[in-house]
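Here is a set of short exercises on reading a protein structure. Try each task before you read its solution.

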Amino acid sequence: MDEFDAQYEAFRRLIKTQTPEQALGTIKLFGMSDDLAKRIAERHQRETIEIREKRQPGSVVRNNRETWYVGPQDDDRCWPALQELLRKQPSWDDDGLRDLDAASTKVVSMLDHPMEKDFSTRGLVVGYVQSGKTTNFTALIAKAADAGYKFFIVLAGVHNGLRRQTQLRLERQLVDPVIDQWHPLTGPDGDFEPPAGNPAAFFTHKSQQHVLCVVKKNVPRLVKLKDWLAKAPDYLKNCPTLIIDDEADQASIASKRTNPLIREIIDLFPRGGYIGYTATPFANLLIDPTAKDLYPQDFVVNLPKPRGHFGTEVLFGREPLDGEDPEDVPDGYDMIRTVPEEEIPLVRPCRDEIEDFTPEIDGALRTAVLYFWLATAARRVRGRGVPHSTMLVHTSVSTLVHESFKGPLERFRCRTSEMIKVCDDALLNELRELWDSETARVPGTEPDFGEEKVLFEELLPKLTGVVDDCRIILDNSKSVERLDYETGPVVAIAVGGNTLSRGLTLEGLAVSYFVRGASTYDTLLQMGRWFGFRDGYADLPRIWMTDELRDWFRHIATVESEMRRDIDLYMVEDKTPLSFAVRLRNHPSLRITAAAKMRDAVKASASYGGQRIQTSYFRTHDADWLRANQAAARELVERALHEAGARHEDRSAEGRHVLHDVPYDMVLDFLGNYRFHEKSMECNAGLIRSYVERRVKAHGGGALKRWNVAIIGTPLSGSAESSYEFASGIAVDRVFRAKLPSSPEAANIKTLMSRRDAGVDLDLSALEEVTEAALKRARQAQCPETGLLTLYPIDRESPTRRERRQPLAAVDHVIGVGLVFPLPRGEDSEVEWYSANLSGVVLEEDELDSDELAMLLEDDVR
């Protein structure tokens, strides 16, 4: 390790107890030269940017947030212990651990430095149902603890079962491996109760340890926690705290008492972060951002789907999104079986029939139970994966209905066991036909599954033991006996409702019989406990449900995919949770979330409607790439002038030229020729072309049929070395756009367009202030059907004196592109979208307005 590396490692160690600025000041006190300190600061910035810009997990980040965390260090305790524990588990391989490490590092980097004087972070992490979110936030807690956070509160759903499960997992994975580092305030068998004595004395005594509290989102418990914490204000003032809200869309939002209590607890900590975790973030993304609430104003992180995870689209398929080839879209595995509508009354009574109801174990339910026992026997033959095997029966929210299943299911189990033992021909033939039919429809030997085929003759000897071991468990709010996987291998048919529909993991879930209706996306998706990992039996899961429910889940798979693409698409730095609201597609028969949670939502433009997008990433060292883009821009301008006869508005004194009424097909041709960098995800040429074509057709050939094309540079200085010519009579001097310190293959200039650039084809003289909202109104009034495409000739060198910027240093001049889409008039399609209402948000944008541009022109000289 050379001297510079040694000095940098010393700086990284200092960051545990000081902010980066303080750490630089400290090392300068020991005689370090300004040049060396500058090199250390630049390396740290490069490393933090690399973490922030990692493609996975995708994120939308508030653009003025400083990133400080660059990953685990050698003297860390909590994360290495967790990593070693997971490495010993067969379900975790090296790839899985690397993904967990990268994802949790990125989330920690979004937090404020624990030594900042005061801060209040609001973030959201979006996972998949049953995808390992708990392990992800366990890794987050471990790394945050190593980095200096002291107090951790986990809000673990609303049911005792989930709180207990979360407590046990955190104790096993986080606390026990480094027991000297932790003091748990709660245990598995009891929710939060205030410790005896003065809380200030308690915290003083535990000052060398990290404190962990796992509490339900239950009003009496939260009141106790708030009141106890409020007695130690001096400690809390200097206590970096992280609050993890598991199932953050449940009870935390639009609730009369729970939501205010959570916010009051957050406000007790002057140095605190709140991070919501959920697989169904619909309600979180629709919170009013201007209210003092839990809207994720600082960041949204989209966790990648883990390898081997069974998600919605894997099981149900989905519809193609804009720009997708239908052949490339998953249609779902053949694992869904139909429950005929006429059988519903056999398992779900009307309200006035609940008390005297007795379900019939017949038809699809009987088949589902028999298949469950067959699948469990096959798993015993294979001898791999989790030792538990579970079937879910979910037909009603009523606990009386749950109780009515116990007797009929138990009698059916006993009768089946006896018939297998006496080798009843009719039953054995039925079982053989069922098994052969199911394994023919979903062969385990297919590449997607890679499982060995199990013959009926192989599983038959195991079948009696499976049926005899099977227990009928009623798991609801009134149950005494609950699903408990801690006491040994479990084979169970679990009948329940809400307690089985949120967060709780059903280990070894193989079969689901699900006919309970729901009216919202989040409720329906969370009731689908069949999502998750199926190691050793990926070919065996089956779901019995109505055709209507199947269609609903397919629609939700489409919504999920669209939502995640929105988050990934707008992970570029100039899109933030306060400037871009993730859009959620509506359904004619389902609500996105509960009405109370949607009260602040507004209808959103479909796809690119009303959006301003721009290139910010470039291949500055690829001469062919750059020159191809120059050729594409020149061809567009030449064709617009000479083939289309576009009206030329010469504003060369301002460094502008505007070509009016360019046909849309020329713009589409340009989009086909211009090469967007793959990191400029919002500038997906295929998606943009698809959107433009749809708008043209949907509006009878009017909307977006005509475009304005603007060349934006600086006024000609008379120097041939500074100018750039697009066509005869259309030349400007080049603009400067310095880059952020980042990887050489992806130069990121962050911001290309100013607000005024986005209105270059409009008359803005009447505007007192050029805001995004004012620009949209002006475009609606003046050019409601016309798109704008802007071309920027960017100087290859683009020198700079700005802090935290570097010269562009490209091998040739760069062409930047911006596109501005008018808001659709009326409905853009038969689909509606909703989003959070950002109209009241006041932004401080880091963009190139005319004043800043003038300053740069004066400051950034060759």
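The exercises below work through a predicted model.

**Exercise 1. Check the length of a helix**

Task: Compare the expected span of helix H16 with the distance between its end C-alpha atoms.

Solution:
- Step 1. Helix H16 covers residues 425–441, which is 17 residues.
- Step 2. The expected span is 1.5 Å times one less than the number of residues. For H16 this gives 24 Å.
- Step 3. The end C-alpha atoms of H16 are 24 Å apart, which agrees.

**Exercise 2. Find the two sides of the helix**

Task: Sort residues of H16 into buried and exposed, and say what the buried residues pack against.

Solution:
- Step 1. Use the cut-offs: buried is under 20% relative accessible area, and exposed is over 50%.
- Step 2. The buried residues in H16 are Leu-427, Leu-428, Leu-431, Leu-434, Trp-435, Glu-438 and Thr-439. They cover an arc of only 130 degrees around the axis, so they lie on the same side of H16.
- Step 3. Asp-425, Ala-426, Glu-433 and Ala-440 are exposed, on the other side of H16.
- Step 4. The buried residues pack against helix H14 (363–382), helix H15 (399–421) and helix H17 (456–469). They also pack against strand E10 (336–338) and strand E16 (542–545).
- Step 5. Look at the N-terminal end of H16, which Asp-424 caps. A side-chain oxygen of Asp-424 lies 3.3 Å from the backbone nitrogen of Ala-426.

**Exercise 3. Zoom in on one leucine**

Task: Decide whether Leu-427 is buried or exposed, and list its contacts beyond four places in sequence.

Solution:
- Step 1. Leu-427 lies in helix H16.
- Step 2. Its relative accessibility is 3%, so Leu-427 counts as buried.
- Step 3. Leaving aside neighbours within four places in sequence, Leu-427 touches Arg-366, Thr-416, Met-419 and Ile-420.
- Step 4. Now take Arg-380. Leu-427 and Arg-380 are 47 residues apart in sequence. Their C-alpha atoms are 21 Å apart in space.

**Exercise 4. Explore the nonpolar cores**

Task: Which residues of the largest nonpolar core touch the most other members?

Solution:
- Step 1. Start with a general tendency. In soluble globular proteins, nonpolar side chains tend to be buried together.
- Step 2. The largest nonpolar core holds 66 residues. Phe-670, Leu-789, Leu-791 and Phe-821 touch the most other members.
- Step 3. Helix H20 (residues 623–642) supplies the largest share of this core, eight residues.
- Step 4. Follow Phe-670, leaving aside its neighbours within four places in sequence. Phe-670 is in contact with Ala-632, Ala-633, Leu-636, Leu-789, Leu-791 and Val-817.
- Step 5. Another core, of 53 residues, lies apart from this one. Its members include Leu-100, Val-154, Val-175 and Ile-275.

**Exercise 5. Pair the strands**

Task: Describe how E21 pairs with E22, then find the edges of the sheet E17-E29-E18.

Solution:
- Step 1. Strand E21 (residues 647–651) and strand E22 (residues 656–663) run antiparallel, joined by five bridges. Glu-649 has Val-658 in E22 as its bridge partner.
- Step 2. The hairpin of E21 and E22 has four residues between the strands. Gly-655 takes a positive phi there, near 75 degrees.
- Step 3. Turn to the open sheet of three strands, in the order E17-E29-E18 with antiparallel pairing. Strand E17 (584–585) and strand E18 (602–604) each have a single partner strand, so one side of each is left without a neighbour in the sheet.
- Step 4. Two bridges join E17 to strand E29 (residues 833–835). Arg-585 stands opposite Trp-833 in E29.

**Exercise 6. Examine three loop residues**

Task: Where are Ala-254, Ser-798 and Thr-186 found?

Solution:
- Step 1. Ala-254 is in the loop between strand E6 (241–246) and helix H11 (258–267). Its phi is positive, about 55 degrees, although Ala-254 is not a glycine. At 25% relative accessibility, Ala-254 counts as partly exposed.
- Step 2. Ser-798 lies in the loop between strand E27 (787–794) and strand E28 (814–820). Phi of Ser-798 is also positive, near 40 degrees. Ser-798 is buried, with a relative accessible area of 0%.
- Step 3. Thr-186 sits in the loop between strand E4 (182–184) and helix H8 (199–205). Thr-186 is buried, at 6% relative accessible area.
- Step 4. The side chains of Thr-186 and Gln-167 are joined by a polar contact of 2.6 Å. A polar atom of the Thr-186 side chain also lies 3.0 Å from the backbone nitrogen of Val-214.

How values were computed:
Residues numbered from 1 in each chain as written. Predicted model: local features only at pLDDT ≥ 70, side-chain atom pairs only at ≥ 80, totals over all residues. Heavy atoms only, no water. Buried < 20%, exposed > 50% of the residue type's maximum accessible area, 1.4 Å probe, protein only. Arc of directions from axis to C-beta. Contact = heavy atoms within 4.5 Å. Polar contact = N/O pair within 3.5 Å; in protein donor to acceptor, adjacent residues only side chain to side chain. Core = buried A, V, L, I, M, F, W, Y, C linked by side-chain atoms within 4.5 Å. Pairing = 2+ DSSP bridges.
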